[in-house]
Amino acid sequence: PFTHSFIMPSTGSVTLTAIATDFAGNRGTPASITITGAENQPPTVQFTDPTSHVTMNTGSQYTVTVSATDPDLGLNDVELHVDGSELHSVQVVHFAGVVSGQAQFTLAIPAAAQPDDNLVLSVVAHDIRGLASTPPSTQAVTIHDATPPAVAITSLVRDFIVTPSQTLPVTVQTADAVGVAQ
């Protein structure tokens with residue numbers, strides 16, 4: 001075998017032709033191959049669920065699904081970034097060089113999360129050479145307080161017996177991440 005190295009231009013097509021000549025001067029039929037050079041294209045990624053602004057309840061878990069594609073080299077990973085005033089996290093799903101795929105992430109909204117807090121979910125896909133999708137795909141989430149307040153009567157003991165017309169002081173303790181209205 002014979003080998004030859006060349007540097008591929010960054011873009012465009014190159015036709016390589018090989019011709020064999022023997023010691024008697026006989027030339028074989030040329031063999032040709034065309035190679036097209038193209039810059040590495042970034043992958044694309046988008047949310048498939050949720051697809052628009054969504055409200056999520058405190059104390060709940062949600063599945064976030066994204067689709068990613070990288071037709072020129074293949075996907076390496078997809079990252080979900082969650083950013084809010086009190087909630088920050090990064091989750092990663094790895095791929096093995098596949099051209100396209102779906103990734104599912106579990107998003108847990110803590111019971112103590114502040115209602116009306118806004119989260120920004122963003123996803124970024126990387127190809128096998130590390131090139132990231134740009135710009136990241138984002139999704140807005142508003143947190144809804146779905147955790148009821150706790151209440152306890154603390155000044156009286158159970159099965160307390162009183163005299164009719166007696167005035168009793170009653171103390172009630174309440175607790176809630178946002179406060180109790182009444």
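This briefing walks through two sheets, a nonpolar core and two residues worth finding in the structure above. Keep in mind that the model is predicted. One open sheet has five strands, and another open sheet has three. The largest nonpolar core has 23 residues, and strands such as E3 and E9 each supply at least two of them.

**The five-strand sheet**

- Reading across this open sheet, the strand order is E4-E10-E9-E6-E7, and the pairing is mixed.
- Strand E4 (54-57) and strand E7 (88-94) are the edge strands, each pairing on one side only.
- From one strand to the next, the twist averages 25°.
- Look at E6 and E9: they run antiparallel and are joined by eight bridges.
- To see a facing pair, find His81, which stands opposite Ser122 in E9.

**The three-strand sheet**

- This open sheet has the order E3-E5-E8, with antiparallel pairing.
- E3 and E8 each have a single partner strand, so one side of each is left without a neighbour in the sheet.
- Here the twist averages 30° from one strand to the next.
- Five bridges link E3 and E5, which pair in the antiparallel sense.
- One spot to look for is Gln46, whose bridge partner in E5 is Ser67.

**The nonpolar core**

- As background, nonpolar side chains tend to be buried together in soluble globular proteins.
- In the largest nonpolar core of this model, the residues with the most contacts inside it are Val66, Val78, Leu80, Ile109 and Leu121.
- Strand E3 (44-49), strand E5 (61-69), strand E6 (75-83), strand E8 (100-108), strand E9 (118-127) and strand E10 (137-144) each supply at least two residues of this core.

**Leu121 and its contacts**

- Leu121 is one of the core residues with the most contacts inside the core.
- Setting aside neighbours within four places in sequence, Leu121 is in contact with Phe47, Val64, Leu80, His81, Val82, Leu107, Ser137, Thr138, Gln139 and Val141.

**Ser137, a buried serine**

- You can find Ser137 in strand E10.
- Is Ser137 buried or exposed? Ser137 is buried, because its relative accessible area is 16% and buried means under 20%.
- Apart from neighbours within four places in sequence, Ser137 is in contact with Val45, Gln46, Phe47, Leu121, Ser122 and Val123.
- Two of these names have come up already: Gln46 has Ser67 as its bridge partner, and Ser122 has His81 standing opposite.

Terms used
Residues numbered from 1 in each chain as written. Predicted model: local features only at pLDDT ≥ 70, side-chain atom pairs only at ≥ 80, totals over all residues. Heavy atoms only, no water. Core = buried A, V, L, I, M, F, W, Y, C linked by side-chain atoms within 4.5 Å. Buried < 20%, exposed > 50% of the residue type's maximum accessible area, 1.4 Å probe, protein only. Helix = DSSP H or I, 4+ residues; strand = E, 2+ residues; numbered from the N terminus. Contact = heavy atoms within 4.5 Å. Pairing = 2+ DSSP bridges. Axes fitted to C-alpha atoms, helices over the stretch in contact; angles between N-to-C directions.
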